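The following note is offered for a colleague at the bench. Its numbered points may be read alongside the sequence and the structure.

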Amino acid sequence: MNSSMLYPLIFKPIFKEIIWGGTDILPFKGLPADTRKIGESWELSHVEGNYSEVANGSLTGKTIDELAEEYGARLLGKQVFERSGKTFPLLIKFIDARDNLSIQVHPDDALAAKRHNSFGKTEMWYVVKASPEAALYSGFSQQISPEEYVRRVEDNTITDVLKKYNVQAGDVFFLPAGRVHAIGSGCFIAEIQQTSNITYRIYDYNRKDANGKNRELHTDLAKDAIDYTLYPDYKTSYIPVSDEAITLVECKYFTNNILDLTNAMRRDFSSIDSFVIYMCLEGKAVIKDNKDNELSVYQGQTVLIPAETKTIEIEPSPTTKMLETFIN
């Protein structure tokens with residue numbers, strides 16, 4: 001690899017053992033299975049205390065924090081750098097829910113800045129795989145007021161007014177800050193979100209933590225953060241097509257495309273001023289950039305293409321499915 005320049009980067013995953021976690025993340029990544037309840041694999045993180053470390057090439061061992069500091073706009077893109085400074089603006093995860101996650105909501109940028117000196121959290125989910133009964137919640141199923149929300153949390157009926165979706169592989173949900181949501185058991189999800197670790201827990205099925213106590217709820221904080229608007233549907237619809245970049249989500253925080261490849265595809269980044277992230281959801285591929293760097297990528301791996309890279313070629317072997325993310 002050409003060490004004088006940036007190259008396609010893979011990071012060491014940060015595994016999170018969580019009460020609701022399963023055992024599918026390690027085998028999905030081709031790693032030996034064990035009995036830990038790994039609920040999340042943080043693939044690329046600039047959350048304080050959870051800085052991702054490079055795992056390939058001459059920059060091995062460097063953190064995303066050090067890279068952002070050293071390379072700035074070369075890594076992030078000029079417009080991204082101007083907006084978010086030396087903070088890598090996205091947090092990339094795989095999530096394996098063996099049990100239901102709590103019902104939650106995230107504040108927007110304005111509220112998060114005021115309360116926590118942080119970015120808000122807008123996110124998206126791509127369902128990688130799902131058990132036959134897998135479901136999740138996104139948004140409301142009927143109009144409610146902030147007062148009714150508080151009452152329903154107190155009397156354990158909040159899930160009665162949430163929109164429930166049975167899910168299967170390939171389903172997509174966009175979750176702008178303010179949208180009430182929860183991943184259900186049996187969901188294995190790729191998640192793209194703003195770099196923020198602020199979650200307001202609304203309801204947790206009266207579960208006890210490891211010490212036998214109810215997990216803390218943030219009823220009042222959430223009350224002001226929720227978007228109570230009722231929408232006809234909260235699921236993102238798209239038509240899958242092989243060997244094309246199909247746009248799933250486009251918002252000011254990120255754009256996502258799905259690439260379902262049976263043939264080599266060239267991606268030209270001259271029209272965007274951003275890093276590009278690939279999450280390999282199925283199969284394997286070789287990525288070659290315009291600087292003669294070459295990288296083999298396997299299911300469960302995540303690759304960061306620096307903003308200064310002009311083009312890449314993705315050669316599936318024999319097929320691959322990738323989630324592509326950048327900032328417009």
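In which strand is Pro318 found? The first point gives the reply.

1. **The cis peptide bond.** Pro318 belongs to strand β22, which covers residues 311-326. The bond that joins Ser317 to Pro318 is a cis peptide bond, with omega at about -10 degrees. Please bear in mind, here and throughout, that the model is predicted.

2. **Overall dimensions.** The chain has a radius of gyration of 20 Å, and this agrees with the value near 20 Å that a compact globule of 328 residues would have. Along the principal axes, the C-alpha atoms fill a box of roughly 60 × 40 × 40 Å. The secondary structure consists of seven helices and 22 strands.

3. **Burial and contacts.** Of the 328 residues in the chain, 54% count as buried. The chain exposes about 14,100 Å², and 46% of that area is supplied by carbon and sulfur atoms. Among contacts with a separation of 6 or more, 75% are made by residues 24 or more positions apart.

4. **The largest pocket.** This pocket has a volume of about 450 Å³. It is lined by 24 residues, and Trp20, Glu40, Lys93, Gln104 and Thr199 are the closest to its centre. At least two lining residues come from each of the strands β2 (14-22), β3 (38-44), β6 (90-97), β8 (123-130), β12 (181-183) and β13 (187-194). By character, the lining divides into nine nonpolar, seven polar and eight charged residues.

5. **The second largest pocket.** Here the volume is about 300 Å³. The lining has 14 residues, with His46, Val47, Glu48, Thr87 and Thr195 nearest the centre. Four of the lining residues are nonpolar, seven are polar and three are charged.

6. **Helix α6.** Which residues of helix α6 (residues 146-154) are buried? They are Glu148, Tyr149, Val150, Arg152 and Val153. As a general point, an α-helix has 3.6 residues a turn, so residues three or four places apart point the same way. The buried residues of α6 pack against β14 (200-203) and against α7 (219-225). After the helix comes Asn156, whose phi is positive, near 65 degrees.

7. **Thr219, seen from the other side of this packing.** Thr219 is found in helix α7. Is Thr219 buried or exposed? Its relative accessible area is 18%, under the 20% limit, and therefore it counts as buried. Apart from neighbours within four places in sequence, Thr219 is in contact with Tyr149, Val150, Val153 and Arg201. Of these partners, Tyr149, Val150 and Val153 are among the buried residues of α6.

8. **Ala210.** The loop between β14 and α7 contains Ala210. With a relative accessibility of 82%, over the 50% limit, Ala210 counts as exposed. Its C-alpha atom is 46 Å from that of Glu308, and the two residues are 98 apart in sequence.

9. **Asn56.** Where in the chain is Asn56 found? It is in the loop between β5 (50-51) and α2 (64-71). At 11% relative accessibility, Asn56 counts as buried. The C-alpha atoms of Asn56 and Leu295 are separated by 9.3 Å, although their positions lie 239 residues apart along the chain when counted as a separation in sequence.

10. **Positive phi at Asp243 and Asp292.** Asp243 is not a glycine, yet it has a positive phi of about 60 degrees. Its place is in the loop between β15 (235-236) and β16 (245-250). With a relative accessible area of 26%, Asp243 is partly exposed. Asp292 is likewise not a glycine and has a positive phi of about 70 degrees. This residue is located in the loop between β19 (276-289) and β20 (294-298). At 75% relative accessibility, Asp292 counts as exposed.

Notes. Residues are numbered from 1 along each chain as its sequence is written. This is a predicted model: local features need pLDDT of at least 70, side-chain atom pairs count only at pLDDT 80 or more; totals for chains, interfaces and linings use all residues. Side-chain values use heavy atoms; hydrogens and water are left out. On a 1 Å grid over the protein atoms alone, a cavity is a set of points where a 1.4 Å probe fits but cannot get out, and a pocket is an open set with protein on both sides within 12 Å along at least five of seven lines; lining residues have an atom within 4 Å of a point. Grid points are joined across faces, edges and corners, and a volume is the space filled by probe spheres set on the points. Helices (H or I, at least four residues) and strands (E, at least two) are DSSP runs, numbered from the N terminus. Ala, Val, Leu, Ile, Met, Phe, Trp, Tyr, Cys and Pro count as nonpolar, Asp, Glu, Lys and Arg as charged, and the others, Gly among them, as polar. Buried means under 20% relative accessible area, exposed over 50%, partly exposed in between (1.4 Å probe, protein chains only). Contact means heavy atoms within 4.5 Å. The radius of gyration is taken over C-alpha atoms; the globule rule is 2.2 Å times the number of residues to the power 0.38. Accessible areas come from the Shrake-Rupley method with a 1.4 Å probe; for residues, only the protein chains shown count as cover.
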